[in-house]
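User: I would like to learn how to read a protein structure by asking one small thing at a time. Could you take me through the one shown here?

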Amino acid sequence: MRRLGTAASVLLALAAATKAPAQELNLANTSTARPRIVEARTGLDHALLGEVGYRHVLAWQDRQVFVGGAVAVPWARADLGDYRVRATVGLPLGTEHWKLAGWLSPTLRGTQNAASRMTALGVDSRLTGGYYARRWFVAGEVGLDWVATTHIAFRDAYRTRVYAGAKDGWYRLPGGTAYAGLHGGVSFSSFDLVLRAGHPRTTALEQQTVPFYLTAGVNVTLPP
Amino acid sequence: MMKPATRTALAPVLGLALALCTTACLDPDGPGNLVPATVEDDPSLPRIEVNGTTLHAEAFGDPGAPMIVMLHGGPGGDYRSLLPYRSLADDGYYVVFWDHRGAGLSKRHPASSYGFGQYLEDFRQVIEHFSSSSSQPIVFIGHSWGAMYATWFINEHGDYGGRVAGAVLSEPGAFTSQGLEDYFDRLFPPWGFTSEELNDVAWSDQFMSPSDHARADFMQAIKVLPGAPKEHNDPNNPAPFWRPGAVVNAKLPQLGLDQGFDWTTHLAEFPHKVLFLRGELNENMPLAHQQELASHYASSEVITVAGAGHEAIWERQSEFLSHIRAYLAEVGVAPMLRLGGVR
């Protein structure tokens, strides 16, 4: 089971490394003629973090489909044990200005804390909808960042000071984050400057340690 | 660049992995997986039934000897780090340990079930459970929240019909809701906004949700383990614990702040001296703070343990025992002599 989970983790990480997401895009300006978009984010999202990502705009029938990925790490203290890697696919629908988009992001996370090393596999499902003009956009978002399984390796400090019998392994359905918020931005030349804010809860709607998220960033559409 | 076919194959592989895991992976809520089982799931644990709950509890010494009731910190802590004080049983005392309702290895309850009156009644019934007679002398030894709990009992029950002969209070935080607010202002945040400790705790929210007692208690352990720098505990000798009670840790202070409390109204009537022991280095409880709390009692003494922090009761056991023994002799709670008069 552990080998299978590890293999899935590696595959997911590879997928994310080859394609890359934040969902705060001005969908009025995206085009398959200029399909390459890089993005950078910073702010508070479960921790003070930095995120870089890449998105590719594909044509599917007469619609645009986005595929991409992103890597985020907390930057408060340099700690390579904490990370989040995502691959994303997104499909927007709607009129020229009013659009609704669904996004699916298989996600791999890691962390080291005083009690354990944890690795989590899950899927972030997000629905965004709003108004998109050439120079600006604003949208609402709701999502469920669901964790399917978390591998926990307990540290010696936990075993000696708290519980020697703690069981290392993959734990099923440990929880996740439900969230709702707003994002928007201004667009000029090849750039979007974006802001995103909202309120996270656990999947059982309990409060989390940091009761809000707030990030700012930039998207850059690369020349064809 | 990953080939499209490989990428297409990812979804079923991941789906299969996740489907297998939902059946084959460990249950985070399973007893004994993340945290030790409580008295509900581990029949080998010593326990008592009082006031509609099951408490992890045990006692050492002659049941007829003067009783010493040990009260752990928290709320939500446990008595593991107080167990060295069972040596007082060798002195000739009956030493009672218990994990409070919803704490340590005691039974868990939903947050909505907690009430102040119920929590105080638990304490009274624990005393009655372990009492061998209605005149058995009692001394409380409480640490942090446990010292507050002891004061609460004394304020409500006085000397309990002449039975409570004294109390040793190690670093109580507050005796009133206003004092608790002030204390929390000093205590929180325990770490800096950009510290790795806070980062680790907040980042961990993505990996597990505290939707069950086991998960909540494990996540509480993640918060507790790094310690609070302003308490200046010895990082090379951290106090052990079994299992934090996350729900009661959040609920009881919330009840106190919402409802308000003042546990000082009758302390001046308590007829015995109360001993306060404090760690010199704890920034959250400076000498003036402990002196102010002690002033509510008619008779009290504050002793500072040099070079120690909040967990002095764990780090300086021999020094604490020396002060406790001297105090017990001062308040006239003599140990029960064993056969032959040897203590």
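The questions and answers below go from a whole chain to single residues, ring pairs and cores.

User: Before we start, what kind of model is this, and how is it numbered?

Analyst: Residues are numbered from 1 along each chain as its sequence is written, while chains are lettered from A and ligands numbered from 1 in the order in which they are written. Side-chain values use heavy atoms, with hydrogens and water left out, local features need pLDDT of at least 70, side-chain atom pairs count only at pLDDT 80 or more, and totals for chains, interfaces and linings use all residues, for this is a predicted model.

User: How many helices and strands does chain A have?

Analyst: Helices (H or I, at least four residues) and strands (E, at least two) are DSSP runs, numbered from the N terminus. From the N terminus on, the elements of chain A run α-β-β-β-β-β-β-β-α-β-β-β. Counted by kind, chain A has 2 helices and 10 strands.

User: Is Thr215(A) buried or exposed?

Analyst: A residue is buried under 20% relative accessible area, exposed over 50% and partly exposed in between, with a 1.4 Å probe and protein chains only. Thr215(A) sits in strand S10 (residues 213–221) of chain A, and contact, meaning heavy atoms within 4.5 Å, links Thr215(A) to residues including Thr42(A), Asp45(A) and Val194(A). Its relative accessibility is 6%, so Thr215(A) counts as buried.

User: Where does Leu34(B) lie, and what is its relative accessibility?

Analyst: Leu34(B) lies in the loop between helix H1 (4–24) and strand S1 (47–50) of chain B. Leaving aside neighbours within four places in sequence, its contacts include Ile152(A), Tyr163(A) and Tyr171(A) as well as Met208(B) and Phe218(B). Leu34(B) counts as buried, because its relative accessibility is 0%.

User: How are the rings of Tyr132(A) and Phe137(A) arranged?

Analyst: Rings of Phe, Tyr and Trp (its six-membered ring) pair if their centres lie within 6.5 Å, and planes under 30 degrees apart count as stacked, over 60 as edge-to-face and the rest as tilted. The whole structure holds 35 such aromatic pairs over all chains. For Tyr132(A) and Phe137(A) the centres are 5.7 Å apart and the planes stand at 10°, so the pair is stacked.

User: How far apart in sequence are the parts that Phe60(B) and Phe97(B) tie together?

Analyst: Phe60(B) and Phe97(B) form an edge-to-face pair, 5.7 Å centre to centre with 80° between the planes. Phe60(B) is partly exposed at 22% relative accessible area, whereas Phe97(B) is buried at 0%. Phe60(B) belongs to strand S2 (residues 53–60) of chain B and Phe97(B) to strand S4 (residues 94–98) of chain B, so the parts tied together are 37 residues apart in sequence.

User: Why do the buried residues of H5(B) line one face of the helix?

Analyst: In helix H5 (residues 177–187) of chain B, the buried residues are Ser177(B), Leu180(B), Tyr183(B) and Leu187(B). The arc is that of the directions from the helix axis to the C-beta atoms. Seen down the axis of H5(B), its buried residues line one face because they fall within an arc of 110°.

User: Which helix gives the most to the largest nonpolar core?

Analyst: A nonpolar core is a set of buried Ala, Val, Leu, Ile, Met, Phe, Trp, Tyr and Cys residues joined through side-chain atoms within 4.5 Å. The largest has 52 residues, and those with the most contacts inside it include Val69(B), Trp98(B) and Phe123(B). With 8 residues, the helix that gives the most to this core is H4(B).
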